[in-house]
Amino acid sequence: MTLSKSLQKIFTELPAPFAQADVPDVQITGISIDSRAVKPGYLFVAMKGGSVDGHDYILKAIDNGAVAVVGEVGRIAPASSGIFDNPTCPYVGLEHPRRALSWIAASFYDWPGRKLTVIGVTGTDGKTTTTNLLYQILKAANLSAGMVSTVNAVIGDEILDTGFHVTTPDAHDVQKYLARMVDAGLTHVVLETTSHGWAQHRVDACEFDIGVVTNITHEHMDEHGSYKNYRAAKARLFSSLEVTRPKLNGNPRLGVINHDDVKSFDFLNDFIKVNKLNYGLQVGADVRALDIQFSPSSIHFTADSKDFRVATSSKLVGSYNVSNCLAALTAAVYGAGIAPEIAAQGIAALEGIPGRMERIDMGQNFTAIVDFAHTPNALKVTLEAAREMLTDRRVGQLPDPTMGSRLIAVFGSAGLRDKAKRRMMAETSAELADLTVLTAEDPRTESLDGILEEMAAGAKSMGGREGETFWRVPDRGEAIRFALKLARPGDIVLSCGKGHEQSMCFGAREHLWDDRIAMRAALAEYLGMRGPEMPYLPTQDTEEQEWLTWK
């Protein structure tokens, strides 16, 4: 995709307060917020971040070929002038360059969101699953659809990795993906959006037609400061529906919310000013699940509303995935106009999602699962789903520890993130799992021992006994190995928190890490067979490892 557009033209197309008339007529061939990625002809957008200030790298961007710079007003030019008359590279000063970036990129890529039906999905848990369900439904309806999730971007037959630790891609990348979809002849896109993405204005110019929220529970308090702020960031998806321009392919402007999510439902129901519907398992939901049946490998239910009743099956497991299926079905039927029977076919077609209750089977006599659950609520519903699998396998009997029907959970809690959830997650596991192994999950620059101490305190507060029902094993690879050694025939070993992610952060460095590879490596060792090597983490170098006394 070769593009070129006048910076002056871009700024005449922007909404208030970003539009400017006196911007130089410079041809732009690309946009970057990283000076290292700048190429000749690029616009460099300088933004102040948490630890890095892009304004400090403007000269580097110019050296790499930037022909114009957007940054904060007053940082280089006097606040009154707006434009810095650099003979080689003009500077456009704005009050909020981060907020402007999405609109600048949308204009540069010729407003791709206005040429697509855009479905946005947000929430604390279940976003990726619901996004994938909707994508499968669109495909089942023979619609030309794309998808951008925290796992990957799908554009026709092309699948693009969206990164190591991913949230919503940066604003200019989102618009680039949408533009590539338009060029590929797609008509619909499902876009997973995070609270970070909304708070940082990465998706403001996407022109959403349908918005879906899965739930809003405890997460990212470090970023947003309070649940109220976190909820408000998610709610921006629905306020964006109000300003979406009319489109040739229609503009349903539909908000879809979870009737069962008691913490967010009333607020969102009052907040949404466009068409709205809700879904849930409880009486009163607009679209409700009836006759729910669970098995160790699937769920079955009847989706019921005033307009239709359709039998629905999914290869996903757990009651929380019934809710995700309902969310996708409601948005597809009432927003995209897809027949309920076709929507049910799309739900049934989804085989699974990388790192979401993904089974790792190498012939062992117990079940090994990798899941992304990294929030208190996600861990709770994941453990409950695993418990349902154990119970269903025993034909309705409660698990019997003497017969190997125990649930063993392995997880950690990230450094430099919401500290309150560390204790909460350990409390949840102490209550719902039989055995718990606390380990590393992106400690970053925090003390891993300190994080594990906070988690251990949570486990103890719920009656956990260290060395008997829970352990601290700082190295994640050893933690998985340890959990496998604890397992008896028929048990479930569940490694949570990393899922599909491809790296783990220690200090300021990302180390290659994939929980699925780690689980296969540990299983191969356990079974005495060939398999992948255990990925390296710095915790493997620890000399004094008292936590290995189990050997």
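**Close-ups of a predicted model**

**View 1. Strands S16 and S17, side by side.** Six bridges tie strand S16 (residues 287-295) to S17, and the two pair in the antiparallel sense. Everything in these views comes from a predicted model. S16 and S17 make a hairpin, with two residues between them. To find your way across the pair, start at Gln-293: its bridge partner in S17 is His-300.

**View 2. S17 meets its other neighbour.** Strand S18 (residues 309-314) also pairs with S17 in the antiparallel sense, again over six bridges. Here the hairpin has four residues between S17 and S18. His-300 turns up once more, this time standing opposite Ser-313 in S18. Is S17 mostly covered or mostly open? Strand S17 (residues 298-304) is mostly covered, with six of its seven residues buried.

**View 3. An open sheet of six strands.** Reading across, the order is S19-S20-S24-S21-S22-S23, and the pairing is mixed. Strand S19 (358-359) and strand S23 (470-472) sit at the edges with a single partner strand each, so one side of each has no neighbour in the sheet. Over at S23, strand S22 (residues 435-438) runs parallel to it, joined by three bridges. Look for Thr-436, which stands opposite Phe-470 in S23.

**View 4. Helices packed on that sheet.** Helix H14 (residues 448-461) packs on the sheet and touches strand S21 (407-411), S22 and S23. The direction of H14 makes about 170 degrees with that of S23. Which strands does helix H16 touch? Helix H16 (residues 515-527) packs on the sheet too, touching S19, strand S20 (367-371) and strand S24 (492-496). Its direction makes about 160 degrees with that of S20.

**View 5. Inside the largest nonpolar core.** This core holds 59 residues, and those touching the most other members are Met-357, Leu-407, Phe-411, Val-437, Val-493, Leu-494 and Met-519. Helix H12 (residues 376-393) gives the most to this core, with eight residues. In soluble globular proteins, nonpolar side chains tend to be buried together.

**View 6. Zooming in on Val-437.** Leaving aside residues up to four places away in sequence, Val-437 touches Ala-409, Val-410 and Phe-411, along with Trp-471 and Val-473. Its list of contacts also includes Ala-479, Phe-482, Ala-483 and Leu-486.

**View 7. A second, separate core.** Away from Val-437 and its group, another core has 40 residues. Among them are Leu-133, Val-190, Ile-210 and Tyr-279.

Notes. Residues are numbered from 1 along each chain as its sequence is written. This is a predicted model: local features need pLDDT of at least 70, side-chain atom pairs count only at pLDDT 80 or more; totals for chains, interfaces and linings use all residues. Side-chain values use heavy atoms; hydrogens and water are left out. Buried means under 20% relative accessible area, exposed over 50%, partly exposed in between (1.4 Å probe, protein chains only). Two strands pair if DSSP finds at least two bridges between them. Contact means heavy atoms within 4.5 Å. Axes are lines fitted to C-alpha atoms, for helices over the stretch in contact, and angles run from 0 to 180 degrees between N-to-C directions. A nonpolar core is a set of buried Ala, Val, Leu, Ile, Met, Phe, Trp, Tyr and Cys residues joined through side-chain atoms within 4.5 Å.
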